[in-house]
Amino acid sequence: MKFFIDTANLDQIREAQELGVLDGVTTNPSLMAKEGITGRDNILKHYVDICNIVDGDVSAEVIATDFDGMVKEGEQLAELHDQIVVKIPMIKEGVRAIKYFSDNEIRTNCTLVFSAGQALLAAKAGATYVSPFIGRLDDISTDGLNLIAEIRLIYDNYGFETEILAASIRHTMHVLECAKIGADVMTGPLSSIEGLLKHPLTDIGLEKFLADYKKGN
Ligand code: G3P
């Protein structure tokens, strides 16, 4: 399972990278705005800064919503760095753009996916990644994890190579459940990854080991 961090915050990206288990970064326009990154040039520079910190894939989202605009913007994003994956929304023009990029060997992440049908379409168009937003489904009393399971089943039925990138992860149990279902990738806050290492028996055990060592040394 690949671990991506879902942020545009360079300090957090560095911290996750230093942990040694980071495989990539996802961003979106809201995450960019949260870090105060505005203006096309600054945004493009920020993507390059992120690529220079991490070793893996970095999703960069298009703003255009028409086919020509998405193609132009996506090609510009892909030119920035070979780690860039062009993030395209699940809309009709977006499906066309994903197909275009797939034919031209530019990798894509189909975002804002909330149903198995949308995920099937993204895979048919040749998306590299599909991003079902599980947290936002949970927010409206719909089982986000069930969507991951449905997509896994469909992709396995037909051998689609599109990777399931479980997005809008809010906490550590989301990560664990996605791992059990077989999501290829998770993207969430650093806290959702760090939560995996916590166990009180580890802390108690370590404390005792160190105390016993001190007694004899
Ligand atoms: O990766 C998708 C993510 O950015 C959305 O997360 O927490 O805003 O639903 P959230």
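In this predicted model, strand β6 (residues 129–132) and strand β7 (residues 163–166) run parallel and are joined by 2 bridges. Across this pair, Val130 stands opposite Ile164 in β7. The pairing belongs to a wider arrangement, in which 8 strands close into a barrel in the order β1-β2-β3-β4-β5-β6-β7-β8, with parallel pairing. Neighbouring strands of this sheet are turned against each other by 30° on average, direction ignored.

Strand β5 contributes Thr111, a residue that is counted as buried because its relative accessible area is 1%, where buried means under 20%. When residues up to four places away in sequence are not counted, Thr111 touches Glu61, Lys87, Ile88, Pro89 and Met90, and also Ser131 and Phe133.

Helix α4 (residues 67–80) lies across β3 (57–61) and β4 (84–89), and its direction makes an angle of about 160° with that of β4. Within the residue range of this helix, Leu77 is in contact with Arg40, Leu44, Tyr47, Ala60, Glu61, Val62, Ile84 and Val86, its neighbours within four places in sequence being left aside.

Leu77 is also among the residues with the most contacts inside the largest nonpolar core, a set of 60 residues in which Ile13, Val25, Tyr47, Ile88 and Cys178 are listed alongside it. The largest share of this core, 6 residues, is supplied by helix α3 (residues 40–53). A second core, separate from this one, has 7 residues, including Val85, Tyr129, Phe133 and Leu165.

Helix α5 (residues 92–103) was examined for its length and for the side that it turns inward. At 1.5 Å a residue, its 12 residues should span 16 Å, and the end C-alpha atoms are 17 Å apart, which agrees with that expectation; the expected span is obtained from one less than the number of residues. Buried positions in α5 are Gly94, Val95, Ala97, Ile98 and Phe101. These residues cover an arc of only 160° around the axis, and they therefore lie on the same side of α5. The elements that cover the buried residues of α5 include the helices α4 and α6 (116–125) together with the strands β4 and β5 (108–113); of these, α4 is the helix that lies across β3 and β4, and β5 is the strand in which Thr111 is found. After α5 comes Glu105, whose phi is positive, near 55°.

Conventions: Residues numbered from 1 in each chain as written. Predicted model: local features only at pLDDT ≥ 70, side-chain atom pairs only at ≥ 80, totals over all residues. Heavy atoms only, no water. Pairing = 2+ DSSP bridges. Helix = DSSP H or I, 4+ residues; strand = E, 2+ residues; numbered from the N terminus. Axes fitted to C-alpha atoms, helices over the stretch in contact; angles between N-to-C directions. Contact = heavy atoms within 4.5 Å. Core = buried A, V, L, I, M, F, W, Y, C linked by side-chain atoms within 4.5 Å. Buried < 20%, exposed > 50% of the residue type's maximum accessible area, 1.4 Å probe, protein only. Arc of directions from axis to C-beta.
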